[in-house]
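Welcome! Please take a look at the sequence and the structure, and then read on for a guided walk through the fold.

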Amino acid sequence: MPAWSSSWQLPDQIADVLPSEARHIEELRRLFLDAARSYGYELVMPPLLEHLESLLTGTGEALGLQTFKLVDQLSGRTLGLRADTTPQVARIDAHLLNRSGVARLCYCGPVLHTRADRPHATREPLQFGAEIYGHAGLEADLEAQRLALDCLKASGVTDLMVDMADVRIVSSLLAGSSLGASTLERIHAALAAKDAGELDALLAGLQGSLSPEAREGMKALLQLYGDEQVLLEAEKALPRMPGVHEALQNLKWLASHAPDVRVSFDLADLRGYAYYTGTRFAIYGQGAELARGGRYDEVGAVFGRNRPAAGFSLDLKELVSVLPPRPLRAAICAPWGDDATLNAAIARLRAGGETVTCMLPGHENEVNEFDCDRELTLTAGHWVVQARA
């Protein structure tokens with residue numbers, strides 16, 4: 001087979017973005033950044049490439065496995081292509097800004113994954129996110145949720161649902177038990193899969209270090225998912241440990257401040273358990289999970305500044321894939337020519353925000369990304385815009 005026959009093929013789950021979809025993505029990027037700015041968030045642009053030890057400091061094994069690695073030809077050190085932007089933003093907050101009060105930061109840029117995090121997903125998401133540092137109260141958690149919801153509503157997503165949980169419920173139930181990392185990982189996996197048999201077997205091995213009440217509470221979590229009634233059931237089914245009670249009250253407060261969307265709970269959902277430190281949420285719409293966020297107070301600790309943090313992120317490429325395609329953008333067709341008055345008229349229209357496409361000789365009837373519903377014509381010695389026949 002000739003070498004050129006496959007030279008145009010891209011790696012698996014890496015794809016070109018073609019004009020209509022690229023325009024949609026770019027419109028949403030601008031829309032979301034404007035929405036974040038309206039909340040007071042400042043834009044930062046971390047580098048795509050960093051020294052590996054900085055990029056992965058404190059992020060855990062999962063992100064390390066997702067990170068592409070290469071050698072810097074200048075220094076000989078190992079570099080990484082970021083798989084998530086949040087640790088970089090935490091570094092910026094801790095070392096470069098180092099503000100004493102609240103810092104609101106947002107970003108939008110590509111990340112790269114060695115493996116897609118779900119079937120049919122891209123390995124090159126375009127990640128948009130917003131982080132708020134310096135406030136430990138639930139107001140920051142709520143602001144992150146509201147900004148995420150505002151962005152998704154503005155993008156045209158309908159029938160949104162927020163699903164919430166709190167990692168402190170499980171950590172409080174397991175407090176005091178001497179669990180190895182592998183056992184803890186298996187417990188979290190059993191909870192996420194609602195695997196009662198596996199969970200029973202794992203808890204049976206913890207009888208010496210886990211109280212009967214805590215074991216029963218862990219088993220009860222498998223059934224604690226659904227609407228707000230779940231929180232009432234949880235108050236009865238779970239032991240009254242300080243961490244558990246506080247987490248349930250926080251979830252109840254957040255739900256009471258989200259009156260215009262459906263809210264659900266899954267108290268066994270521990271996705272990102274090694275990352276989040278409190279409430280976490282996922283937003284669903286168009287039949288897919290569209291955004292994920294929560295509280296991650298430990299994210300800046302490895303950079304020498306352990307302060308409160310909350311936020312969210314989403315993939316603009318994935319969002320566009322579940323939204324209806326945008327119609328072609330309206331434009332004005334103009335003849336190509338050297339006439340000074342024609343070129344001046346075109347320049348005025350473009351300066352006023354119009355898209356003006358000059359039809360090159362011999363290509364007048366070709367279709368492209370723009371819907372030329374008007375045309376620039378010479379009438380009585382003046383160039384005027386008219387509806388296209």
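Strands here are DSSP runs of at least two residues, numbered from the N terminus, and two of them pair if DSSP finds at least two bridges between them. Please keep in mind that this is a predicted model.

## The chain as a whole

Let us begin with the overall picture. The protein chain contains 13 helices and 16 strands, and its C-alpha atoms fill a box of roughly 95 × 55 × 50 Å along the principal axes. Of its 389 residues, 44% are buried. The chain exposes about 19700 Å², with carbon and sulfur atoms supplying 55% of that area. Among contacts with a separation of 6 or more, 68% come from residues 24 or more positions apart.

## The nine-stranded sheet

Strands of a sheet pair through backbone hydrogen bonds, either parallel or antiparallel. In this model, 9 strands make an open sheet with mixed pairing, in the order S1-S5-S6-S12-S11-S10-S7-S9-S8. At its edges are strand S1 (42–43) and strand S8 (225–226), each of which pairs on one side only.

Moving inward, strand S6 (residues 126–133) and strand S12 (residues 309–315) run antiparallel and are joined by 7 bridges. Across this pair, Glu-131 stands opposite Gly-311 in S12.

Strand S10 deserves a slower look. Of its 7 residues, 6 are buried, so S10 is mostly covered. S10 has an antiparallel partner in S7, to which 6 bridges join it. Another 6 bridges join S10 to strand S11 (residues 288–295), and this pair also runs antiparallel. Between S10 and S11, Tyr-284 stands opposite Glu-289 in S11. These two strands form a hairpin with 2 residues between them, and Gln-286 in this hairpin takes a positive phi near 55 degrees.

Is Arg-280, a residue of strand S10, buried or exposed? Arg-280 counts as buried because its relative accessibility is 1%, and the cut-off for buried is under 20%. Its bridge partner is Ala-165. Leaving aside neighbours within four places in sequence, Arg-280 is in contact with Asp-163, Met-164, Ala-165, Asp-269, Arg-271, Gly-293 and Gly-294.

A helix also meets this region: helix H11 (residues 242–256) lies across strand S7 (161–166), strand S9 (262–266) and strand S10 (279–285). Helix H11 runs at about 165 degrees to S7.

## The three-stranded sheet

There is also an open sheet of 3 strands, paired antiparallel in the order S2-S4-S3. Strand S2 (49–51) and S3 each have a single partner strand, so one side of each is left without a neighbour in the sheet. On average, neighbouring strands of this sheet are turned by 35 degrees against each other, direction ignored.

S3 pairs with strand S4 (residues 78–81) over 4 bridges in the antiparallel sense. Leu-70 belongs to strand S3 (residues 68–71), and it stands opposite Leu-79 in S4. Leu-70 counts as partly exposed, because its relative accessibility is 34%. Together with Leu-48 and Leu-49, Leu-70 makes a nonpolar surface patch of about 210 Å².

## Charged pairs

Side chains of opposite charge can pair when their charged atoms come close. How many salt bridges does the structure hold? There are 29 salt bridges, and three of the pairs are set out here.

| Salt bridge | N to O distance |
|---|---|
| Glu-143 and Arg-104 | 2.7 Å |
| Glu-124 and Lys-317 | 3.6 Å |
| Glu-216 and Lys-219 | 3.8 Å |

Glu-143 and Arg-104 form a salt bridge that links distant parts of the chain: Glu-143 is in helix H5 (residues 138–155) and Arg-104 in strand S5 (residues 103–110), 39 residues apart. Glu-143 is buried at 17% relative accessibility, whereas Arg-104 is partly exposed at 27%.

Glu-124 and Lys-317 also form a salt bridge. Glu-124 sits in the loop between S5 and S6 and Lys-317 in helix H12 (residues 316–322), so the pair ties together parts that are 193 residues apart in sequence. Glu-124 is partly exposed, at 25% relative accessible area, while Lys-317 is buried, at 16%.

Glu-216 and Lys-219 are about one helical turn apart, because they are separated by 3 residues in helix H9 (residues 212–221). Both partners are partly exposed: Glu-216 has a relative accessible area of 48%, and Lys-219 has 32%.

Finally, a network of salt bridges links Asp-117, Arg-118, Glu-289, Arg-292 and Glu-318.

Note on methods: Residues are numbered from 1 along each chain as its sequence is written. This is a predicted model: local features need pLDDT of at least 70, side-chain atom pairs count only at pLDDT 80 or more; totals for chains, interfaces and linings use all residues. Side-chain values use heavy atoms; hydrogens and water are left out. Contact means heavy atoms within 4.5 Å. Axes are lines fitted to C-alpha atoms, for helices over the stretch in contact, and angles run from 0 to 180 degrees between N-to-C directions. Patches are made of residues with over 30% relative accessible area and no salt bridge: like charges are joined within 9 Å, nonpolar side chains (Val, Leu, Ile, Met, Phe, Trp, Tyr) within 5 Å. Accessible areas come from the Shrake-Rupley method with a 1.4 Å probe; for residues, only the protein chains shown count as cover. A salt bridge is a side-chain nitrogen of Lys or Arg within 4 Å of a carboxyl oxygen of Asp or Glu. Buried means under 20% relative accessible area, exposed over 50%, partly exposed in between (1.4 Å probe, protein chains only).
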